[in-house]
Amino acid sequence: MSRLMRSPKERGSWFWDLDEFAPPGLESALSVAARICDALARTELLAPTRITYDWYVLGAGTTGIISTLDLARTPLGDPALPGSVRGSRPIAHPSAEIAEVGVLGSGIWIDAEGRPRTEYRLVDLSLSTAPVGLSAELSVHHDIWGCYDFAGHPHPEVHRNNAPRLAAALRDLTELFGMPPEPGERTYFGASTVDGVADPDPDENGLGPDLTSRL
């Protein structure tokens with residue numbers, strides 16, 4: 001298995017309400033995103049390469065426009081990045097503001113033979129820039145974090161090579177924020193715990209649920 005199947009809904013997700021950690025706003029969100037990515041780099045789960053952000057108009061709602069900015073020239077944490085983001089405001093909506101920032105990039109997972117593999121969007125990171133308060137969400141969409149693959153077959157080596165790395169990353173973020181995450185809502189593809197993904201009970205044949213019909 002060299003390429004991973006990706007579920008359309010989260011396999012697991014984790015949310016932090018950061019009202020007491022940092023102020024709201026774009027500058028704060030990008031600064032916190034850089035610190036999160038520094039933490040995730042320790043387990044090689046996310047090397048950011050671009051950000052996406054959607055635009056809304058106060059009182060009117062979303063514009064339906066999503067912008068993408070490459071981070072090669074202006075990386076996360078660069079003081080010039082907020083200006084570059086605002087500079088891409090759509091001309092048709094001069095009063096538009098940014099509702100959410102998504103951080104995209106690649107991460108490393110380890111296969112059953114112990115070989116490291118690179119996967120785009122191994123984890124997803126998003127931060128709310130709304131004036132009501134800063135928040136962050138981390139999510140995963142692959143089966144490598146649980147005891148069973150999407151077909152319900154046990155894959156103990158893959159699980160052993162990857163689940164502890166996700167748990168370590170969540171501990172690092174808990175230490176960074178001074179609070180544990182709030183596990184996200186259960187989806188068809190799985191549920192979260194504070195330190196990883198929850199595994200279903202096996203059936204009489206030692207198998208998990210077959211989820212492939214919805215991939």
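**Architecture and selected residues of the predicted chain**

Glu97 is placed in strand 4, where helices (H or I, at least four residues) and strands (E, at least two) are DSSP runs numbered from the N terminus. The model is a predicted one, in which local features need pLDDT of at least 70 and side-chain atom pairs count only at pLDDT 80 or more, while totals for chains, interfaces and linings use all residues. Residues are numbered from 1 along each chain as its sequence is written, and side-chain values use heavy atoms, with hydrogens and water left out.

With a relative accessibility of 37%, Glu97 counts as partly exposed, a class that lies between buried (under 20% relative accessible area) and exposed (over 50%), as computed with a 1.4 Å probe and protein chains only. When neighbours within four places in sequence are left aside, Glu97 is in contact with Asp54, Trp55, Tyr56 and Arg89, contact being defined as heavy atoms within 4.5 Å. Of these partners, Asp54 is 43 residues away in sequence, and the C-alpha atoms of Glu97 and Asp54 are 8.3 Å apart.

The chain as a whole holds three helices and 10 strands, and from the N terminus the elements follow the order β-α-β-β-α-β-β-β-β-α-β-β-β. For 215 residues, a compact globule would be expected to have a radius of gyration near 17 Å, and the value of 18 Å for the chain agrees with this; the radius is taken over C-alpha atoms, and the globule rule is 2.2 Å times the number of residues to the power 0.38. Along the principal axes, the C-alpha atoms fill a box of roughly 60 × 35 × 30 Å. Buried residues make up 45% of the 215 in the chain, and among contacts with a separation of 6 or more, 68% are accounted for by residues 24 or more positions apart.

The accessible surface of the chain, computed by the Shrake-Rupley method with a 1.4 Å probe, comes to about 10,800 Å², and 52% of this surface belongs to carbon and sulfur atoms.

Two arginines that flank strands differ in their burial class. Arg11, in the segment before strand 1 (12-17), is buried, with a relative accessible area of 5%, and its contacts beyond four places in sequence include Val140, His141, His142, Phe150, Phe189 and Asp199. Arg115, by contrast, lies in the loop between strand 4 (97-110) and strand 5 (116-120) and is partly exposed at 41% relative accessibility. Beyond four places in sequence, Arg115 is in contact with Trp109 and Ile110, while its C-alpha atom is separated by 9.6 Å from that of Asn161, a residue 46 positions away along the chain.

Most residues other than glycine have a negative phi. Glu44, in the loop between helix 1 (26-41) and strand 2 (47-57), nevertheless has a positive phi near 60°, and this residue is partly exposed at 48% relative accessibility. Arg121, in the loop between strand 5 and strand 6 (123-128), likewise has a positive phi, of about 55°, and is partly exposed with a relative accessible area of 29%.

With a disulfide defined as a pair of cysteine sulfur atoms within 2.5 Å, the count comes to zero. As to the cysteines Cys37 and Cys147, Cys37 is buried, with a relative accessible area of 5%, whereas Cys147 counts as partly exposed at 29%.
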